[in-house]
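Work through the exercises below with the structure open. Try each task before reading its solution.

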Amino acid sequence: MKKIVVLTGAGMSAESGISTFRDSGGLWEQHRVEDVATIEGYIRNPELVINFYNERRRQLPTVQPNRGHELVAALEQFFDVTVVTQNVDDLHERAGSSKIIHLHGELMKATSTYSPNDSRQIVTLAPDHLDIHLGDKAADGSQLRPFIVWFGEAVPKIEDAAEAVMQADICIVIGTSMNVYPAAGLVQFLAPEAPIYLIDPADVKWTSGRHYTHIKKGASAGMEELFEKLKVEK
Ligand code: OAD
């Protein structure tokens, strides 16, 4: 079976009703990145940051995977697929993808302020206890915090992601502006002969220098088109 790596960003979930970050009306127009998505912001005002992610998390039960997520999962009928996502939602899981690497953490999980990447500290929040509160404790006694990789923090999953990209025969990129490193640098690990398909309705500034085929459509329509093509070529 050929291997496919699918790199996804906020645009993957846009048709499910989750805001992207950098489009007009996106989350970073309404919130300052420095306040809600950096370790310094968290130290300055933990309550603001915890509440920002509580709000994002409360949205999850109200949204559903879109056709794009479903077709990424359906690729597993024909290919060995690894999804490398910058998204913190659980829509790839709910659509049925089986191998998912979350580069920037997971909204449904919480962890320790002292050792955020210690697997013993990471807990999955229950659907009826979605909010984290100031005063909630991790197993090590520190304040429980969202399991999100903030700007300025290490990205521990980047090595697993690079490995998946290195082994891939085909790469699909869906809905990311390729602004945030190290995620944006992952395509450099791709074998020179592996084709890249980019699904994004907008022109994406792509600095890798690699050739790619741009399917200039949204995630659902773009995946419909690409799924048919790849199914034939498998
Ligand atoms: P961005 O908001 O930067 O980019 C979203 C991309 O999705 C843009 O290229 C849009 O054109 C595209 N898009 C919009 N609608 C779409 C649709 N229906 N179908 C497909 N694509 C669509 O989001 P990311 O690149 O994911 O990190 O942002 C990367 C990281 O920056 C995030 O993980 C987050 C953010 O700050 C952290 O918070 C650490």
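**Exercise 1. The start of helix 6**

Find the side-chain oxygen that reaches a backbone nitrogen at the start of helix 6. Then describe how helix 6 is covered.

Solution. The oxygen belongs to Asn66, and it comes within 2.7 Å of the backbone nitrogen of Gly68. Keep in mind that this is a predicted model.

Next, take the helix as a whole. Helix 6 spans residues 67-74, and 6 of its 8 residues are buried. These are Gly68, His69, Leu71, Val72, Ala73 and Ala74.

Last, look for what they pack against. The list holds strand 1, strand 2 (80-85) and strand 7, together with helix 1 (11-14), helix 7 (91-95) and helix 9 (219-233).

**Exercise 2. An open sheet**

Give the strand order of the open sheet formed by 3 strands, and name its edge strands.

Solution. Start with strand 4, residues 105-112. Strand 4 pairs with strand 6 (residues 144-148) through 4 bridges, and the two run antiparallel. Gly105 faces Ile148 of strand 6.

Now turn to strand 5, residues 123-124. Strand 5 and strand 4 are joined by 2 bridges, again antiparallel. Ala110 has Val123 as its bridge partner. Lys109 has Thr124.

Put the pairs together. The order is 5-4-6, with antiparallel pairing. Strand 5 and strand 6 are the edges, since each pairs on one side only.

Finally, check the cover of strand 4. Of its 8 residues, 7 are buried.

**Exercise 3. Glu106**

Is Glu106 buried or exposed? Which residues does Glu106 touch beyond four places in sequence?

Solution. First, locate Glu106: it sits in strand 4. Its relative accessibility is 17%. The cut-off for buried is under 20%. Glu106 therefore counts as buried.

Then list the contacts. Leaving out residues up to four places away, Glu106 touches Val88, Glu93, Phe147 and Ile148.

**Exercise 4. Asp35**

Classify Asp35 by accessibility, then trace its contacts.

Solution. Asp35 lies in helix 3, residues 33-36. Its relative accessibility is 22%. Partly exposed runs between 20% and 50%, so Asp35 counts as partly exposed.

Beyond four places in sequence, Asp35 is in contact with Gly41, Tyr42, Arg44, Leu48 and Val49. Take Val49 from that list. Asp35 and Val49 are 14 residues apart in sequence, and their C-alpha atoms are 7.3 Å apart.

**Exercise 5. The nonpolar cores**

Which residues of the largest nonpolar core touch the most other members? Which element gives the most to this core?

Solution. The core has 27 residues, and those touching the most other members are Val5, Leu7, Val84, Leu103, Cys171, Val173 and Leu186. At least two residues come from each of strand 1 (3-8), helix 8 (158-167), strand 7 (170-174) and strand 8 (196-199). Helix 8 gives the most, with 5 residues.

Now follow Val173. Beyond four places in sequence, Val173 touches Leu7, Met178, Ile196, Tyr197, Leu198, Ile199 and Trp206.

Another core lies apart from this one. The second core has 23 residues, including Ile18, Val36, Val63 and Ile148.

**Exercise 6. Backbone between strand 7 and strand 8**

Inspect the backbone at Met178 and at Pro182, both in the loop between strand 7 and strand 8. What is the sign of phi at Met178? Is the peptide bond from Tyr181 to Pro182 cis or trans?

Solution. Begin with the background: most residues other than glycine have a negative phi, and most peptide bonds are trans. Met178 has a positive phi of about 55° although it is not a glycine. Met178 is buried, at a relative accessible area of 14%.

Then move on to Pro182. The bond from Tyr181 to Pro182 is cis, with omega near 5°.

**Exercise 7. The ligand site**

Which residues are closest to the ligand, and how much of the ligand does the protein cover?

Solution. Count the surroundings: 23 residues surround the ligand. The closest are Arg22, His104, Thr176, Ser177 and Asp200.

Now step through contacts to ligand oxygen atoms. For Phe21, a backbone N or O atom lies 2.8 Å from one. For His104, a polar side-chain atom lies 2.7 Å from an oxygen of the ligand. For Ser177, the polar side-chain atom is 2.5 Å from a ligand oxygen.

Finish with the cover. On its own the ligand has 800 Å² of accessible area, and the protein covers 93% of that.

Notes. Residues are numbered from 1 along each chain as its sequence is written. This is a predicted model: local features need pLDDT of at least 70, side-chain atom pairs count only at pLDDT 80 or more; totals for chains, interfaces and linings use all residues. Side-chain values use heavy atoms; hydrogens and water are left out. Buried means under 20% relative accessible area, exposed over 50%, partly exposed in between (1.4 Å probe, protein chains only). Two strands pair if DSSP finds at least two bridges between them. A nonpolar core is a set of buried Ala, Val, Leu, Ile, Met, Phe, Trp, Tyr and Cys residues joined through side-chain atoms within 4.5 Å. Contact means heavy atoms within 4.5 Å. A residue is near a molecule or strand if one of its heavy atoms lies within 4 Å of it. A polar contact is a pair of N or O atoms within 3.5 Å; within protein, one must be able to donate a hydrogen and the other to accept it, and residues adjacent in sequence count only if both atoms are side-chain atoms. Accessible areas come from the Shrake-Rupley method with a 1.4 Å probe; for residues, only the protein chains shown count as cover.
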